Every structure is written in structure tokens, then in C-alpha cells.
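Visitor: I have just opened this entry and would appreciate a short tour. Could you take me through some of the side chains?

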Amino acid sequence: MDSDAAAMLRDRMLDAAEAVVVRHGIANLTFEAVAAEAGMSKGGLLHYFPTKDRLIEALVTRCAEGWRKCVFQSLEQTPEGYGRMAKALLRSLADTEGWTEQCQRSSAASFVALAQNPRLIEPMRVVYNELRAELAKDGLGAGIGETVLVAMDGLWLNRVLGLAPVDRERINRIRLALDALITLAQETDNRAMLGENKKRAATRQGSRRAPRARRSS
């Protein structure tokens, strides 16, 4: 089997594992259930994932890599400048279907990892820390980038735990409100910078006009 076919088969098995978790719950994630969902033998599944930890680790890693790819693709499409990473995160919300699909994947991977072995969640932590590091470079006022990220976390929890409906209208309301927050912060910083520049210019002009002290005879 060539590498492309092997990768497709591996994805099929991971898709099946996600489907089992979403449809039947974490407790029913067994090799038998995943093999049946994937339409293959248990032995074939064990050839790729000899332990349950290896299966879950692959789920989490694939999810984390997909999350990183989604966000950084959005970043590439976002013009450089003030609040770029925060705006990229909000841009990813505009693709509501893609975002909710990623929610389903990440919830399946995260919850099963936490239930089986919390150390397996590490790839998700790594990506989350990357996002926070990029937000720190945004030049946003204190807490604004974190507010965007935490708001998206809240939407994710609402979606995967069924705490409240997360539909296109609600996502767009929140996205527009957060975008307005970034714009307001930028305008405030611009005014503060303009005021500081004027103050410095006035100070320089005043120093040039100040009379020189007379030398004593």
C-alpha cells in the first residue's frame, strides 16, 4: 500500500473513532466499535493502532494539526498590522460550517483524551499556546486578544456541551462585537499616539525657542 492510500485508510479509521465518540459516547470507544464503523477488521485496526492510547493520541494530534492549519491559513489571508491574529481568529468564525465541524472533531478528541489519559491532550495545549503567543504580538491593548480567544472558547463549550444554541446568527453577532472591540482599541491607541506625538513636537519646538542664557562678563 502506498503512502497516500495508507494515509487515507488511517484517516478513515480516525473518522470512525470520532463518529463513535460523537454518536455513542466516550465509554463506547472500543476497537470493535471503531472497526465496525470503519468497515474493517479489528486486526486491521490494531495493525495501525496497537493500543487505545495510540489511537487517542492520533485523534488528538490530527485535530490539533487541523486546528493550527485552519487558524494559520486565516492568518495568511489577513493583512498585516494591528490586531492581525485576533482578526484572523474572527475570520475563521465567518466559515460557520467549517468552525462547527472543527468543534466536533476537537470535542471528540479532547474529551476522550481527558477521560483516558490527560497527558494525551498535550498536542492541543501546544497549539493553544502558539495562538496565545501570536496574539501577544498583535499590539492590542491588555486583555483584548485574550478576550477574543476566550470568547471563542466559550462558543466552543456552548456548542459541544449543548449549553446554548450556537447558530450562524449568534456567531456573527459575537464576531461583529469582537471586531468592533478591536477597532475601538485601535482608534484609542491611534489617538493616544497622536496626542503623544503632538506633545513631543511641542516640547521640541519650545526648546528651540527658549532664549539662551547670557554669559556673565
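**Charged pairs and a buried asparagine**

Guide: Glu 18 is a good place to begin: Glu 18 is buried, with a relative accessible area of 8%. Please keep in mind that the model is predicted.

Visitor: Which residue forms a salt bridge with Glu 18?

Guide: The partner is Arg 105, and the closest N and O atoms of the pair are 3.0 Å apart. Glu 18 belongs to helix H1, whereas Arg 105 belongs to helix H6 (residues 96–116), so the salt bridge ties together parts that are 87 residues apart in sequence.

Visitor: And is Arg 105 buried, exposed or partly exposed?

Guide: Arg 105 is partly exposed, its relative accessible area being 23%.

Visitor: What about Asp 15, which residue does its side chain meet in a salt bridge?

Guide: The side chain of Asp 15 meets that of Arg 62, with 2.9 Å from N to O. This pair ties together parts that are 47 residues apart in sequence, because Asp 15 lies in helix H1 (residues 3–24) and Arg 62 in helix H4 (residues 52–76).

Visitor: How accessible are those two, then?

Guide: Asp 15 has a relative accessible area of 34% and is partly exposed. Arg 62 has a relative accessible area of 17%, which means that Arg 62 is buried, as the cut-off for buried is under 20%.

Visitor: Which residues are linked with Asp 15 and Arg 62 in a network of salt bridges?

Guide: The network also includes Asp 11, Glu 18, Glu 101 and Arg 105. Both pairs discussed so far, Arg 105 with Glu 18 and Asp 15 with Arg 62, are therefore made of residues that belong to this network.

Visitor: How many salt bridges does the count come to?

Guide: The count comes to 12 salt bridges. One of them joins the side chains of Glu 134 and Lys 137, at 3.3 Å from N to O.

Visitor: Is Lys 137 buried or exposed?

Guide: Lys 137 is exposed, with a relative accessible area of 62%. Its partner Glu 134 is partly exposed, at 22%.

Visitor: Changing topic: where does Asn 158 lie?

Guide: Asn 158 is part of helix H8, which covers residues 144–161. With a relative accessibility of 14%, Asn 158 counts as buried.

Visitor: Which residues is Asn 158 in contact with, leaving aside its neighbours within four places in sequence?

Guide: Asn 158 is in contact with Leu 163, Ala 164, Val 166 and Arg 170.

How values were computed:
Residues are numbered from 1 along each chain as its sequence is written. This is a predicted model: local features need pLDDT of at least 70, side-chain atom pairs count only at pLDDT 80 or more; totals for chains, interfaces and linings use all residues. Side-chain values use heavy atoms; hydrogens and water are left out. A salt bridge is a side-chain nitrogen of Lys or Arg within 4 Å of a carboxyl oxygen of Asp or Glu. Helices (H or I, at least four residues) and strands (E, at least two) are DSSP runs, numbered from the N terminus. Buried means under 20% relative accessible area, exposed over 50%, partly exposed in between (1.4 Å probe, protein chains only). Contact means heavy atoms within 4.5 Å.
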